[in-house]
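Visitor: I'm new to this one. Could you walk me through it?
Guide: Sure, let's have a look together.

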Amino acid sequence: MELRYVELYNWTSYWNAPLGEENSTAHCFDFNCQSGNKGYAIFGENSRGKSSFTDAIQWLLFGKAWTKPVSTDGGRTQKKTLRPLVGNPKDQSFPLLNTTAFLEGNFNFFVKAIFKMNDDIYQLSRIAGPVEEGLVVEDDDDMEVSLHVKNASSGEEWGGSEAQDFIGSEILPEKLSRFFFIDGESVTEYRALIASKDENVELRSNIEDILNFPVLKKGISDFKSLKEDIMSEFSSNTKSTKKNKKLLEQIKDIEGDIKRTKKSQEANQKRLKKTKDDIKDLEAIMSNFGNAEKNIIERDKEQIRLEDKNSRLAELYEDRRGDNQDLWLFMLQKSIKNQISELLPELEQRLKLVELQRTKSTRLKHLENLSNDENLPCETCNQLPSPRDKKQIKKDNDEIDEIKSNLIEIETSLDENNVLEKKQRLEKFRAFIKADFSKQQKKIDKQKGLLEEIEGKVSDYQSAIDNIDEDEVAGVREKIKKLRVVEADCRAKERRDSKNLEEFVSEKSAKNRQVIEAGGTALLDKLEKKIKLVEWFEKIWVESLDRFSQESRENVESTASEVFKQLTNNPEGFSRIVLNENFGLTVLDANDLPVQNPTPGMMQVAAISLIDALGLMSNIEFPILFDTPGQSIDQGHRDKIIEHYWSERSTQFIIIPSSGEFRADEVESRYQKLIARTWELDFDNKENKTTVKNRVIN
Amino acid sequence: MSEKKISQIGATSEGVLFIRKLAGRSEESGAKRDDEIAPTAPFKEMKDAYRALFVFGLIKGMRLPTKPGQSFSTIYANVNMLTDSYDYRILLETFGKDEDLKDIGKAINEYTNWAIEEIRSDYSPDTFNLHSEFEDDSESESEKLPDIIGDWIIESQRY
C-alpha cells in the first residue's frame with residue numbers, strides 16, 4: 001500500500017478561505033515520486049503543523065484525533081483526550097477546525113487522501129461541516145462528519161459505516177494503528193513494557209491481536225464446549241445404577257435450572273433488545289428535534305439567570321431609593337461648601353472686630369477700675385499703678401468715653417452682619433453622604449446590560465424552539481430515562497444469569513464426570529472415546545498455542561534484536577532482546593545478562609525495535625509515520641533510525657522530526673539517494689496559517 | 001422685616017402626578033403603590049422626590065412663575081411637613097432671590113415646578129440621574145473650611 005496524495009482543508013493550523021474564494025485551495029502533500037524511494041520527511045519549526053499531518057491521516061482513517069499525551073502521575077502513565085471538531089481559540093480545546101476559519105464563520109473542513117493498493121487506486125475523504133447550511137456553529141452538536149471511500153479503478157464506492165468497515169478490514173485495523181503511527185512521545189508506552197508487567201494491558205492486547213492470539217484462544221474454548229456436549233449425551237445414555245439414577249436426577253434438576261436460566265436469559269435478551277430498540281427509536285425522534293432539547297435546557301438555564309439578575313436589579317433599585325432619600329442633601333453639598341468658602345473674608349473681618357471689641361473692653365475695665373480705686377493693682381501685671389495727677393485723670397476719662405463709643409459701634413456692626421450665624425445655619429446642611437450615586441447608576445446600567453444580553457439569549461433559544469412541542473420533547477426524554485433504567489436492570493440480570501449459568505454448567509459437568517466414572521456400555525464407550533479424543537485435541541491445541549506463542553515471541557525477539565543491533569551505537573555490547581510471556585522486554589548484554597539500569601536512549605531504541613518488529617509481523621503494508629523520531633536519543637541513533645527505515649523497509653516511511661532533531665539540508669544531502677520527497681512547513685503569523693513548501697522531489 | 005407669608009406646598013396637577021410617579025405611587029390620590037412603576041421608581045417617598053426637585057430648581061436659580069388663575073394641588077398643608085427640622089429659609093436667603101423670602105412656600109413651589117417641567121418630558125426610571133450635575137470633585141473640605149470650633153471660642157469670648 002502506498003500513500004499517493006493528501007489534501008488538508010481548514011485542518012487545524014492549515015487555514016483556508018471559504019470554497020470559491022481566494023486561498024480556498026486545500027493544502028497538498030504529493031507523495032508521488034519517480035525514483036521509487038520510500039523516504040519522506042516533513043520539516044518545520046515547532047508549532048507549524050507537523051504533528052497535525054499525522055493526526056489528519058488518523059482522523060481520515062478512524063475519525064479520531066487525540067491531544068498530545070499528558071502525564072498526571074509524574075510520568076508513570078500518559079493520558080490523551082479526543083479533540084473536538086470545533087472550538088473557540090480562547091477555550092484552548094485544540095479543535096480540528098482551524099480556529100481562524102471558525103472565527104470567520106467558515107465551519108467546513110476535510111482531509112482527503114489517495115492510496116494505491118494492489119494496483120487499485122482508492123480515494124478516501126472525511127468531511128466535516130455544519131448540520132445545516134448557513135448555521136452558525138457553536139459546538140460539535142452543530143456539526144456532522146461524513147466518510148467516503150471510492151475505488152477509482154473499479155468505480156466501487158462505500159460510505160458511512162461500510163466505508164469505516166472497509167478501512168478496518170482492507171487498509172488498517174484501528175487497534176493495530178499504533179504500530180504504524182509512531183510517536184516519539186508514545187514510544188514511552190513501550191518503554192513501560194520494559195519496566196513493568198502490570199501496565200499497558202491495552203498495549204499487550206494489541207500485540208496479541210497483531211500476532212493472531214485471540215483466534216487461537218477461541219479454539220480452546222470451542223473444544224471445551226464440544227466436550228461438554230458429548231458429556232451431556234453420555235450422561236443421558238448411561239446405565240441405570242442406583243448411584244447413577246441419583247446423579248442423573250440431580251443432573252436433570254441442574255438441566256432444569258440451566259433451561260430456566262437460559263429461558264430467563266433469552267427473555268431478558270429479548271427485553272434488552274426491545275429496550276435498546278425503543279431507546280434507539282426514541283433517540284431518533286429526539287434527533288428529529290435537532291438541538292431542541294439542548295436549546296430548551298439552555299433557555300431554562302438562561303431564564304433562571306434572568307430571574308436572578310432581575311432580582312439583583314430590583315435590589316439595586318431598592319438601594320437607589322434608599323440612597324435617594326439623601327439626594328437633595330447631596331445636591332446641596334457643593335453649593336453650600338462654596339457658599340461657606342465665600343463667607344471666609346467676612347468671617348475673618350468679623351473675628352478681627354470681635355478681637356478689637358475684646359481689647360477695648362479690657363482697657364475700659366482697667367480705666368474704670370482706676371476710677372473706682374487708685375490702689376487696685378493691674379490685672380495683667382499685678383503692679384500698683386503710678387499715681388495719677390488731675391491731667392491724667394481727665395485724659396483717662398476722655399479715653400473711657402471714646403472706648404464706650406467705639407464699643408457701641410462695634411456691637412452694632414456685629415449685630416447687623418452676623419456672618420457667623422449664617423455660616424452656622426448653612427453648616428446644618430453639611431452632611432457626609434455615604435451613598436455613591438454614580439456608582440449606583442453604573443451598577444444599574446451594568447445589570448441592565450447583562451439582562452439585555454440574557455434576554456437576547458433566551459429569545460434566541462426560544463425562537464430556535466418555537467415550532468417544537470416542548471412537552472413532547474420532555475416526554476420523550478423521560479421515556480428514554482425510564483428505558484435506560486430498564487436497560488441497566490437487564491444488563492444486571494444478564495450478568496447474574498450468566499454467572500448462574502456458568503455455575504450450573506460447571507456443576508453439571510462435575511456430575512457427568514461422576515456418572516462416566518460409574519461405568520458404561522458400548523455406546524458409552526464410544527462416547528467416552530469421543531470425549532478423550534476431544535480432550536486430546538484440546539491438549540494439542542493448547543500446546544500448539546503455547547508453541548505458536550513461543551515461536552511468535554521468538555520471531556519478534558529475533559527481529560527486534562536484529563533491528564536493535566542495527567540501531568544501537570554499540571552492537572557488540574548487546575547480545576539480544578528477550579520477551580517474557582507478557583511481552584515484558586529485557587535487553588541482554590554481551591554476556592547474555594540483563595542490562596542493569598538501562599539508559600533512556602537505550603530504552604527508546606529498544607522500544608522502537610520492538611515496534612518495528614511487530615509491524616513487520618503484522619503482514620500489513622501501510623506507510624509508517626514516525627513523529628519526533630529523535631526523542632530521547634542522540635544524533636548517532638537518529639541517523640541510524642533514518643537509514644534503517646529508509647533503506648531496509650519496503651513501505652513508505654515518513655519522518656516528522658521536531659525542530660532541533662534533524663536539519664533539513666543535512667538530511668537531504670546525506671540521504672539524497674534514499675529520499676523520495678521532503679516538505680517544509682512554515683507558519684504565516686500575519687494570516688495565522690500553515691503553509692506547505694516542497695523541498696526535494698526525487 | 002414684615003411677617004413672611006407661608007403657603008402650602010404643592011404642584012400643578014401634572015406636577016403632582018409626576019412626583020407620584022417618581023415615588024412609585026399610582027395616579028390616584030393617597031399613598032397607593034403602583035405595582036407597575038414602583039419597582040423601578042427612583043424614590044421611596046414623595047417628600048424625597050419633592051426635595052430633590054426643589055434643590056434642583058433652586059441651585060439652577062430657575063422658578064416657574066405661577067400663571068394668573070393657576071391653581072396648585074396641595075401636597076403638604078404646611079411647609080414644615082416638607083422641611084422637617086431643616087431651615088429652608090437660609091437656603092432661599094443664600095441661593096435664591098430677595099423676593100423668595102416674601103412667600104417662602106410660593107418660592108419653593110415655583111422652584112420645584114420649574115424642575116418638574118424641566119425633567120418630566122424626558123424622564124425614564126433607567127436614565128434618571130439628577131445627581132450627575134452635582135458631583136463634587138474638589139479638594140476635601142477640611143483643607144478649605146474655617147475652623148468652626150475656633151469661631152465658637154472667639155465668639156463666646158464676646159460675652
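Visitor: Which strands of chain A does helix H3 lie across?
Guide: Keep in mind that this is a predicted model. Helix H3 (residues 160-171) of chain A lies across E4, E6 and E7 of chain A, and runs at about 55° to E6(A). Angles of 65 to 115 degrees count as roughly perpendicular, under 35 as roughly parallel and over 145 as roughly antiparallel, so about 55° falls among the oblique ones.

Visitor: And what makes E2 and E7 of chain A edge strands?
Guide: Each pairs on one side only. The open sheet has 6 strands in the order E2-E1-E4-E5-E6-E7 (chain A), with antiparallel pairing. From one strand to the next, the twist averages 10°.

Visitor: How do you know that E4 and E5 of chain A pair?
Guide: Pairing takes at least two bridges. E4(A) and E5(A) have 9 bridges in the antiparallel sense, so they count as a pair. Among the partners are Met117(A) and Asp120(A).

Visitor: Why is H9(A) called roughly parallel to H2(B)?
Guide: Their axes come within 8 Å and cross at roughly 20°. The cut-off is under 35 degrees, so H9(A) counts as roughly parallel to H2(B). The crossing is left-handed. Residues making this contact include Trp328(A) and Met331(A) of H9(A), and Val55(B) and Phe56(B) of H2(B). By class, the contact has 8 nonpolar, 1 polar and 2 charged residues.

Visitor: How many helices and strands does chain B have?
Guide: Chain B has 7 helices and 2 strands, running β-α-α-β-α-α-α-α-α from the N terminus.

How values were computed
Residues numbered from 1 in each chain as written. Chains lettered and ligands numbered in written order. Predicted model: local features only at pLDDT ≥ 70, side-chain atom pairs only at ≥ 80, totals over all residues. Helix = DSSP H or I, 4+ residues; strand = E, 2+ residues; numbered from the N terminus. Axes fitted to C-alpha atoms, helices over the stretch in contact; angles between N-to-C directions. Left-handed = near helix turned anticlockwise from the far one by under 90°. Contact = placed C-beta atoms within 7 Å. Nonpolar A, V, L, I, M, F, W, Y, C, P; charged D, E, K, R; others polar.
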